[in-house]
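The following note is offered to a colleague who is meeting this structure for the first time. Its points are numbered so that each may be read beside the model.

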Amino acid sequence: MYQDKLAAVNKLLIEERNSFQHEIKKKVIEASKLRTDIEKLRNQVKKIETDKDAAEEKILILLEKQRTDSNIKEVKEISLDREEDLLSQIQNLKERIKVQDDIIVEIQEDNTLTKNKNGDISVTMKYMKNYDSDEEDTPEDPKKKIVFLEHELEDQKEVAKKLKAYVGDVLENIMVTNPQMLERK
């Protein structure tokens, strides 16, 4: 009966560990996609800045040509509108890059946290394996056996407490980062 419970706990820990590893892989892929998107946005910003510079040069040339012409005011209005549009686009792209940089930092922090939790599971599993081998060393004297079992019970309580805290942390982390994962379908 105890072996069944231990096997169930081990199975649960392994499943949870596999789940975390899968989440880490998903986060790494997501971070990679975000980096690619950021690089695309940066390239777009560079292109827009190049276009802006070229437009500014064209505007200056047009202004020089139009100074002698009576339509000078129209050219200035057009160039100012175009310049304002370009500046607005550049500002929007810079804000998007900032948001995506923040998302990458958040994902990297989540990955670090998940890796740390995964390490805690490994330590717990090693302890559980050591605990299984300790059963063979149970003393035959009833008093010693009681003391030994009390120590084992304390150890189990401590492991259960750590496991409960860990599961709470995991659920809290999921609630913060991805609450839809906990919704029933």
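1. A pocket, as the word is used here, is an open set of grid points where a 1.4 Å probe fits, with protein on both sides within 12 Å along at least five of seven lines, and its lining residues have an atom within 4 Å of a point. The model to which this is applied is a predicted one. In it, H3 supplies the largest share of the lining of the largest pocket, namely six residues.

2. The overall plan may be stated first. The protein has three helices and zero strands, and from the N terminus on its elements run α-α-α. Of the 185 residues in the protein, 24% are buried. Among contacts with a separation of 6 or more, 82% are accounted for by residues 24 or more positions apart.

3. Helix H3 deserves a paragraph of its own. This helix covers residues 142-177. With its 36 residues, H3 reaches 51 Å from its first C-alpha to its last, which is close to the 52 Å expected at 1.5 Å a residue. The buried residues in H3 are Glu152, Val159, Tyr166, Val170, Asn173 and Ile174.

4. The largest pocket has a volume of about 360 Å³. It is lined by 19 residues, of which Phe20, Glu23, Val170, Ile174 and Met181 are the closest to its centre. Two or more lining residues come from each of H1, helix H2 (72-134) and H3. Val170 and Ile174, both named among the residues closest to the centre, are also on the list of buried residues in H3.

5. Which residues form the aromatic pair of this structure? The structure holds one such pair. Its members are Phe20 and Tyr166, which meet edge-to-face, with 5.8 Å from centre to centre and 65° between the planes. Because Phe20 lies in helix H1 and Tyr166 in helix H3, the pair ties together parts that are 146 residues apart in sequence. Both Phe20 and Tyr166 are buried. Phe20 thus links this point with the previous one, being one of the residues closest to the centre of the largest pocket.

6. The charged side chains come next. Side chains of opposite charge can pair when their charged atoms come close. The structure holds six salt bridges, and points 7 to 9 take up some of them.

7. Lys47 forms a salt bridge with Asp51, and the closest N and O atoms are 3.4 Å apart. The two are about one helical turn from each other because they stand four residues apart in helix H1. Lys47 is exposed, its relative accessible area being 54%, whereas Asp51, at 34%, is partly exposed.

8. Is Lys52 buried or exposed? Its relative accessibility is 18%, so Lys52 counts as buried, the cut-off being under 20%. Lys52 is found in helix H1, which spans residues 2-66. It forms a salt bridge with Glu56, the closest N and O atoms being 3.1 Å apart. Since Lys52 and Glu56 are four residues apart in helix H1, about one helical turn separates them. Glu56, at 27% relative accessibility, counts as partly exposed. Leaving aside neighbours within four places in sequence, Lys52 is in contact with Leu86, Leu87 and Ile90.

9. In helix H3, a salt bridge joins Glu154 to Lys157. The closest N and O atoms of Glu154 and Lys157 are 4.0 Å apart. These residues lie three residues apart, about one turn of the helix. Glu154 has a relative accessibility of 47% and counts as partly exposed, and Lys157, at 49%, also counts as partly exposed.

10. A final point concerns Arg82, which lies in helix H2. Arg82 is partly exposed, with a relative accessible area of 41%. How far apart are Arg82 and Glu56, in sequence and in space? They are separated by 26 residues in sequence and by 9.3 Å in space, C-alpha to C-alpha. Glu56 is the residue that forms a salt bridge with Lys52, as described in point 8.

Key:
Residues numbered from 1 in each chain as written. Predicted model: local features only at pLDDT ≥ 70, side-chain atom pairs only at ≥ 80, totals over all residues. Heavy atoms only, no water. Buried < 20%, exposed > 50% of the residue type's maximum accessible area, 1.4 Å probe, protein only. Contact = heavy atoms within 4.5 Å. Salt bridge = Lys/Arg side-chain N within 4 Å of Asp/Glu carboxyl O. Phe/Tyr/Trp six-rings, centres within 6.5 Å; stacked < 30°, edge-to-face > 60°. Expected span 1.5 Å × (residues − 1). 1 Å grid on protein atoms, 1.4 Å probe; cavity = no way out; pocket = protein on both sides within 12 Å on 5 of 7 lines; lining within 4 Å. Points joined across faces, edges and corners; volume = space filled by probe spheres on them.
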